[in-house]
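Colleague: Could you pick one part of this model, take a close look at it, and then tell me how it sits with the rest? I'm at the bench, so plain talk is welcome.

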Amino acid sequence: MKKTLHFWMVIVLIATALQAAEAAPLLKKAQKGMVGDVYYQLDAKEQTAKVIAMKGLYTGDVVIPEKIESDSTEYYVEEIAAGTFKDCISLESVSIPTTVTKIGSGAFEGCTALKAITIPETVSTIESGLFFRCTALREVRLHDGIRAIGHGAFKQCTALEHIDIPAMVSQIEYNTFLGCTSLKEVNLPPSLEKIAYSAFQDCSSLEEIEIPGTVKAIGWVAFKNCTSLRSFAFTTSMDNIANSIFEGCASLREVVIPSSIKSIAHDAFKGCASIDSLYLPASIRDIGSSAFEECVSLRSINIPRVK
């Protein structure tokens, strides 16, 4: 009798162990669900939560908590997934907790009613296209701990007027502020090394911008069609002026070109209708075609010995 009882106890223990083994992978799998007004992806193993897009669109004011509870388990909210709020045209504000360390690319793309946002100090990167087409966005509060801003992050934010680039950012990526037609003031950090192509293209309200001496390169069409830009000074860390960099900058009158510059690419100053004089240093050895085409007010220019 004892042997029989012992046998069945062993069978029960084995069966329980097998059931637990089968159930364990399920706990590791990410689960999705709604808590409050926000849709999450839950990681039971790590006990973390990620805010994700839902079938409907987020509207009004969204408050993301530091942690949520589901099935008697607490999950800390650490991420907002890429595209989470994309095209949520009635979303007016989002409160992001300091537990969040990552906000995915394009998370707020097309949020045309979003007017202001604060990035928590726990987030170190502004991902690409994060605020693309946020046409009502007027205020973005970026902390000094941000190390990188992805390409097109503020592209076509047509209401944005002012921005301070955090101190540790070393590069303005391509298309970052393309089409920000209301942008008037940009404060660049002293650590900046590069401004990529089209970075400020079509920023038609930008009147002036101070380039830190650490900048070594500015890409092509970087300031194309900045029709309000009045003055510009290249740094002594640079050795060339890229093609079409100021094309269509009809208000540009004063340009400082240091002796470190060796070449001016094609169409660089095309359509700069307000420039009346320009001093080119003797260091310049190459001037591209149509570099000064349609500079209708240009009356005085010295041409150094070029190829």
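**A strand and its partners**

Modeller: Let's start with a pair of facing residues: Lys67 stands opposite Tyr76, which is in S6. Keep in mind that this is a predicted model. S6 covers residues 73-80, and I'd make it our part for the close look. Lys67 belongs to S5, residues 67-70, and S5 pairs with S6 in the antiparallel sense over 4 bridges. The two strands make a hairpin with 2 residues between them. One residue to look at in that turn is Asp71, with a positive phi of about 50 degrees.

S6 has other partners too. S3 runs parallel to S6, and 4 bridges join them. In that pairing, Lys50 has Glu79 of S6 as its bridge partner. S8, residues 102-103, is also parallel to S6, joined to S6 by 2 bridges. There you meet Glu79 again, with Lys102 in S8 as its bridge partner. So if you click on Glu79, look for Lys50 and for Lys102. A general point to keep in mind while you turn the view: side chains in a regular strand alternate between the two faces of the sheet.

What lies around Glu79 and Lys50? Both are among the residues nearest the centre of the second largest pocket, along with Asp43, Thr48 and Ala49. That pocket holds about 150 Å³ of space and has 10 lining residues. S2, S3 and S6 each give the lining at least two residues. By class, the lining comes to 3 nonpolar, 3 polar and 4 charged residues.

S6 also feeds the inside of the protein. The largest nonpolar core has 83 residues, and the ones with the most contacts inside it are Phe85, Phe108, Phe154, Phe200 and Phe223. S2 (38-43), S3 (48-51), S6 and S7 (91-95) each supply at least two residues of this core. Nonpolar side chains in soluble globular proteins tend to be buried together. Over the whole protein chain, buried residues make up 41% of the 307 residues.

Take one of those phenylalanines, Phe200. Which residues does Phe200 touch, leaving aside neighbours within four places in sequence? The list is Ile172, Phe177, Leu183, Val186, Leu188, Ile195, Ile209, Ala222, Phe223 and Cys226. Val186, Leu188 and Ile209 from that list turn up again in the lining of the largest pocket. This pocket has about 190 Å³ of space. Also lining it are Lys184, Glu185, Asn187, Ser205, Glu207, Glu208, Glu210 and Arg230, and by class the whole lining is 3 nonpolar, 2 polar and 6 charged residues.

Back on the backbone, Asp202 sits in the loop between S16 (194-195) and S17 (217-218). Asp202 isn't a glycine, yet its phi is positive, near 65 degrees. With a relative accessible area of 26%, Asp202 is partly exposed. Asn225 makes a nice companion: its phi is also positive, at about 65 degrees, and it is not a glycine either. Asn225 is in the loop between S17 and S18 (231-233), and at 28% relative accessibility it counts as partly exposed.

From the largest pocket you can step to Arg253 by way of Arg230. Arg253, in the loop between S19 and S20 (254-256), touches Arg230, Ser274, Ile275 and Asp276, not counting residues up to four places away in sequence. Its C-alpha lies 8.7 Å from that of Phe232, and the two residues are 21 apart along the chain.

To finish, there's a separate open sheet with parallel pairing, its 3 strands in the order S19-S21-S23. Its edge strands, S19 (240-241) and S23 (286-287), each pair on one side only. S21, residues 263-264, runs parallel to S23 and is joined to S23 by 2 bridges, with Ser263 opposite Asp286. In all, the protein chain has 1 helix and 24 strands.

How values were computed: Residues are numbered from 1 along each chain as its sequence is written. This is a predicted model: local features need pLDDT of at least 70, side-chain atom pairs count only at pLDDT 80 or more; totals for chains, interfaces and linings use all residues. Side-chain values use heavy atoms; hydrogens and water are left out. A nonpolar core is a set of buried Ala, Val, Leu, Ile, Met, Phe, Trp, Tyr and Cys residues joined through side-chain atoms within 4.5 Å. Buried means under 20% relative accessible area, exposed over 50%, partly exposed in between (1.4 Å probe, protein chains only). Contact means heavy atoms within 4.5 Å. Two strands pair if DSSP finds at least two bridges between them. On a 1 Å grid over the protein atoms alone, a cavity is a set of points where a 1.4 Å probe fits but cannot get out, and a pocket is an open set with protein on both sides within 12 Å along at least five of seven lines; lining residues have an atom within 4 Å of a point. Grid points are joined across faces, edges and corners, and a volume is the space filled by probe spheres set on the points. Ala, Val, Leu, Ile, Met, Phe, Trp, Tyr, Cys and Pro count as nonpolar, Asp, Glu, Lys and Arg as charged, and the others, Gly among them, as polar.
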